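These exercises go with the structure shown below. Try each task before reading its solution.

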Amino acid sequence: MTTTAEPTTEIGRARVRKEDQRLITGRSRYTDSITPSGTVHIAVVRSTIARATINSIDKSEAEKAPGVFGVYTAADLGAEEVGLPCAWPITPDQKAPQRPVLANGRVNFSGEGVAVVVARSAAAARDAVELVDVDYEPLDPVLDMEAAAQDGAELVHPDLGSNVSATWVFDSAAAGTGGDVSEAIKAAEADDDQIVVRRRFRQQRLIPAFMEPRSCVVDPTGEQLTIWAATQVPHILRTMTTVTLGVPESKLRVIAPDVGGGFGGKIGVLPEEMLCVLLAQKLGKPVKWTETRSECMLTAHHGRDQIQDLVMAVRKDGTITGFDVHLYADMGAYLGLVGPGVPILGAFMFNAIYKMPALRFTCSNVFTNKTLTDAYRGAGRPEATFAIERMMDEVAVELGRDPVELREQNWIKHDEFPYDTVVGLTYDTGNYEQATQRAMELFDYAGLRREQEERRRSGDPVQLGIGISTFTEMCGLAPSRVLGSLDYGAGGWEAANVRMLATGKVEVTTGASAHGQGHETAFSQIVADKLGVGFDDVEILHGDTQVAPKGLDTYGSRSLVVGGIAIVNAAEKVIEKAKKIAAHLLEASEDDIEFANGQFTVRGTDKGKAIQEIAFAAFMAHDYPEGMEPSLDSDAVFDPENFSFPHGTHLCAMEVDTDTGRVNLRRYVCVDDIGNVINPLIVEGQVHGGLAQGIAQALFEEANYDESGTLVNATFVDYTLPSAADLPSFTTETVSTPSTTNPLGVKGVGEAGTIASTPAIVNGVLDAVRHLGVTEIEMPTTSQRVWRALQVAKGHQAQQTPSDTHSPGAGLGSIDPNNPKGEVQ
Amino acid sequence: MTEVRVTVDGVNYADDVEPRMLLAQYLRETLGKTGTLIGCDTSNCGACTVSLNGQSVKSCSVLAVQADGAEVTTIEGLARDGTLHPVQEAFRECHGLQCGYCTPGMIMAAVDLLGDNPDPTEQEVREGIEGNLCRCTGYQNIVRAVQSAAKTMKPGAAQPTEQAAPVAGGGN
């Protein structure tokens with residue numbers, strides 16, 4: 001991060017976080033730590049089979065177990081008709097199965113809930129789960145999304161008549177935002193001066209793997225039902241509980257206390273949350289559910305999982321003339337809250353930072369007998385960025401061009417902003433030259449290319465590859481009208497309230513509910529500057545629908561870009577009100593009142609009053625102007641007009657041991673343009689964490705299913721999150737072309753690192769071994785996969801295994817369970 | 001039920017526990033010490049790390065009855081008389097946490113690491129906290145925090161008070 005002199009304003013200061021004191025001393029309040037008196041605990045009986053009909057469920061032994069209050073199926077709870085909500089029908093004819101709270105006669109993925117046990121303790125409930133005897137009639141599972149999409153395929157939901165939930169198309173010719181892709185490709189095929197590059201990439205299935213397992217407590221003992229939940233979306237959860245169960249919204253209070261990470265994985269409305277509500281109503285006692293880690297891996301929604309078929313037409317001089325994108329996206333067994341829309345969010349990012357005359361995007365969402373997929377950090381945009389940034393490298397190879405130079409030839413130049421893209425978005429600001437130049441300096445691009453040449457020449461067993469990703473993303477979800485045009489089931493605004501207390505302290509409520517992002521700190525900095533009050537005098541309140549009643553929560557890098565602006569607007573209203581009272585008390589015309597640094601002064605005089613004095617005067621209400629209320633408190637709802645478009649250049653140096661396939665990330669440099677920075681310390685943390693997740697997709701992680709549809713790596717033993725020892729320190733900097741779509745000039749940073757880093761790493765791995773004949777390695781690029789690719793390139797056969805990361809540590813380069821000695825056949 | 005007598009964060013307790021009860025559950029459910037968190041069921045994540053007789057342990061892999069007669073320090077007992085332990089302070093100063101869920105265990109593991117190796121290199125820190133997973137930070141600022149705390153805790157360094165000296169450090 002660039003270090004400069006500490007600014008005099010709060011905005012831009014590397015403030016340490018307000019949140020930390022409680023978290024570093026154990027004074028935290030995560031949902032599982034909340035246990036009202038009399039709480040009963042539930043545990044869910046889960047299917048061990050991916051696809052089956054249920055012949056019978058024998059609960060008798062479980063019901064007799066010590067401490068068990070009851071064992072319930074959907075029928076026992078009268079919940080057979082209940083379906084969990086999907087808020088994003090991407091097409092009018094989208095096929096959407098009922099997603100039950102507990103299976104109704106059949107199960108559609110391994111881990112699906114079949115019955116629920118209520119007991120005195122969580123341990124007693126789990127013990128009793130083992131006593132429930134479910135008789136299944138196994139059916140052949142549908143596991144391959146591409147095969148599932150074909151006519152005649154076995155159907156996950158026979159009543160829907162197809163495994164294709166919806167096919168969504170964007171065509172720049174039809175939209176009037178660009179040319180016809182088919183014509184561009186046809187023209188390229190007929191032209192000796194053009195080439196057509198066709199590739200298939202796979203976005204493997206990932207597991208968000210937030211550190212806090214999901215948990216929920218529902219307390220029915222007051223007039224309102226109080227729900228504590230480990231969720232990113234307390235407001236959406238409240239509304240959707242009403243939609244799902246019919247409990248009036250006014251009778252629900254949802255609290256997201258401390259939440260231990262989400263990354264999109266806690267954006268859903270869960271069957272278990274609805275079960276807790278139903279059981280709390282039925283039993284009249286507080287009900288708690290906390291999942292085990294394995295339940296979390298099995299049943300919390302997964303991310304990514306796409307097959308990408310890409311066709312790019314390019315002139316031999318390097319100019320892109322058209323890009324045709326066809327995706328299969330695996331929805332899993334059901335549609336999640338926003339799952340169908342996740343690939344669609346990517347539709348607008350396949351052109352990335354490049355000028356393209358024509359683009360078509362076609363995505364088929366497909367059902368399989370796997371855990372459902374939904375948002376995971378970046379949600380659609382990492383997939384798109386991977387596709388385009390990998391393609392840029394492929395085109396560079398085909399044309400024998402330097403990959404940075406080819407990108408620069410095609411990207412939007414800094415003096416061409418604002419720029420209307422081929423998909424109809426308007427990029428407000430950006431400077432790809434600036435970010436790239438700085439990144440290349442920090443990285444020593446020229447020096448590393450020389451080293452690469454030298455290693456190739458000398459036949460060094462450890463080869464060097466350079467990976468590049470020049471990404472952009474659309475952040476600040478989202479302009480409500482745009483969401484409406486995409487048939488999304490909500491708006492994209494955010495709400496805030498700023499209250500001046502009698503003693504001069506400030507309370508701010510925000511509808512953006514934090515789960516690790518540092519809102520309390522960053523928002524305090526903004527309010528401190530706006531109102532001219534002390535940073536420590538501002539209290540940010542969030543995550544409770546009774547405290548911050550209006551909001552649309554936290555996802556899509558929206559908290560600052562949308563929620564922060566709502567706070568700014570509410571603060572402006574406070575100042576406007578205070579100005580009237582100040583004018584009244586100072587016996588001056590309102591037009592003569594100036595406000596700066598927390599002081600209202602009469603222009604040209606030394607008369608003035610502090611905002612705290614005005615707040616006290618408003619509280620006392622003994623003397624205030626006629627025609628106004630004695631209050632400074634103000635609300636604002638901000639609905640953005642446009643997205644924001646952070647961008648950046650990410651470069652990495654990958655070392656590949658050609659004898660063993662071992663991949664080593666030697667150096668990672670990124671320069672991100674996220675507009676103005678509120679808190680550089682928090683920004684740096686967001687970038688680091690984002691990078692780690694994106695790199696993990698490229699190198700380590702994959703949810704592996706076996707042929708019977710069982711998730712075989714459903715623990716942290718074998719779903720290999722990177723540890724500290726698996727990652728290097730990153731060099732991160734920011735540059736800024738402030739956004740012009742919001743008054744803070746901010747763009748959003750939560751997802752940048754994840755979106756950018758995955759293609760950089762894979763490009764780097766391939767660059768290290770491409771001269772040895774390797775053209776493609778699927779993610780994660782484990783030692784085994786790299787080694788096999790090298791063997792195949794040498795003309796040797798390498799034994800294939802369907803899942804090569806399902807033994808302990810395998811994703812980190814351990815042995816292949818089917819080929820323990822790594823023999824070449 | 002088996003009786004267990006244990007000192008946790010300076011307080012003596014005697015409880016009858018199920019033999020199968022994990023130390024992590026005992027701390028959270030019986031003693032209400034919810035500062036110690038549980039993140040997995042396979043002792044991989046390290047969120048539940050505490051100090052047991054001066055050595056860091058994952059409290060999900062210790063039975064409560066095994067702690068009989070032992071002295072346990074959790075994240076809640078690390079600060080003394082209102083003064084943060086240098087490792088806690090460093091985590092805040094270096095932005096070594098985001099959601100905070102791995103933090104109690106990460107801090108307890110780091111305290112033990114610095115007891116064993118008061119001046120670790122970056123690589124030694126990375127390997128030393130390998131048993132504690134974090135999904136938010138990418139570890140860079142955690143590593144920075146541990147190295148920063150090492151500097152503060154060096155003999156002769158100005159900062160910490162006597163009480164805030166490391167509680168863990170390679171066993172008693």
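**Exercise 1. A pair of strands**

Find how many bridges join strand S3 to strand S5 of chain A, and how the two strands run.

Solution. The model is a predicted one. Take S3(A), residues 68-72, and S5(A), residues 113-119. Four bridges join the two strands, and they run antiparallel. To place one contact, start at A:Val68: its bridge partner in S5(A) is A:Ala119.

Next, decide whether S3(A) is largely enclosed or largely open. Buried means under 20% relative accessible area. Four of the five residues of S3(A) are buried, so the strand is largely enclosed by the rest of the structure.

**Exercise 2. Two aromatic pairs**

Classify the ring pair A:Phe616 and A:Phe619, then the ring pair A:Tyr668 and A:Phe730.

Solution. Over all chains there are 15 aromatic pairs. One of them joins A:Phe616 and A:Phe619, with 6.3 Å from centre to centre and 35° between the planes. Planes under 30 degrees apart count as stacked and those over 60 as edge-to-face. The pair of A:Phe616 and A:Phe619 is therefore tilted, with its planes at 35°.

Now look at where these two rings sit. A:Phe616 and A:Phe619 are three residues apart in helix H18 (residues 611-620) of chain A, so about one helical turn separates them. A:Phe616 has 41% relative accessibility and counts as partly exposed, while A:Phe619, at 55%, counts as exposed.

For the second pair, the ring centres of A:Tyr668 and A:Phe730 lie 5.9 Å apart with the planes at 75°, so this pair is edge-to-face. A:Tyr668 belongs to strand S27 (residues 663-673) of chain A, and A:Phe730 to the loop between helix H19 (680-699) and strand S28 (731-735) of chain A, so the pair ties together parts 62 residues apart in sequence. Both A:Tyr668 and A:Phe730 are buried.

**Exercise 3. Rings and charges**

Name the residues that ring pairs link into a cluster, and state which ring lies under A:Lys18 and which under the charged end of A:Lys550.

Solution. The cluster linked by ring pairs holds A:Trp168, A:Phe170, A:Phe323, A:Phe348, A:Phe350 and A:Phe361. A:Lys18 lies over the face of A:Phe535, 4.7 Å from the ring centre. The charged end of A:Lys550 sits over the ring of A:Trp493, at 4.6 Å from its centre.

**Exercise 4. A cavity**

Describe the second largest cavity by its volume and its lining.

Solution. The structure has eight cavities of 30 Å³ or more. The second largest encloses about 240 Å³ of space. Its lining has 26 residues, and those closest to its centre are A:Arg99, A:Phe109, A:Pro271, A:Glu272 and A:Thr299. Helix H8 (271-283) of chain A gives the most to this lining, with three residues. By type, the lining divides into 13 nonpolar, seven polar and six charged residues.

**Exercise 5. The largest pocket**

Work out which elements give two or more residues to the lining of the largest pocket, and which gives the most.

Solution. The volume of the largest pocket is about 1,500 Å³. Among its 44 lining residues, A:Ala122, A:Ala123, A:Arg126, B:Gln25 and B:Glu29 are the closest to its centre. In chain A the elements giving two or more residues are S1, helix H3 (122-129) and strand S12 (287-290); in chain B they are strand S2 (11-17) and helix H1 (23-30). H3(A) gives the most, with six residues. The lining divides into 17 nonpolar, 13 polar and 14 charged residues.

Definitions and conventions: Residues are numbered from 1 along each chain as its sequence is written. Chains are lettered from A and ligands numbered from 1 in the order in which they are written. This is a predicted model: local features need pLDDT of at least 70, side-chain atom pairs count only at pLDDT 80 or more; totals for chains, interfaces and linings use all residues. Side-chain values use heavy atoms; hydrogens and water are left out. Buried means under 20% relative accessible area, exposed over 50%, partly exposed in between (1.4 Å probe, protein chains only). Two strands pair if DSSP finds at least two bridges between them. Rings of Phe, Tyr and Trp (its six-membered ring) pair if their centres lie within 6.5 Å; planes under 30 degrees apart count as stacked, over 60 as edge-to-face and the rest as tilted. A charge sits over a ring if NZ of Lys or CZ of Arg is within 6 Å of the ring centre and within 35 degrees of the ring normal. On a 1 Å grid over the protein atoms alone, a cavity is a set of points where a 1.4 Å probe fits but cannot get out, and a pocket is an open set with protein on both sides within 12 Å along at least five of seven lines; lining residues have an atom within 4 Å of a point. Grid points are joined across faces, edges and corners, and a volume is the space filled by probe spheres set on the points. Ala, Val, Leu, Ile, Met, Phe, Trp, Tyr, Cys and Pro count as nonpolar, Asp, Glu, Lys and Arg as charged, and the others, Gly among them, as polar.
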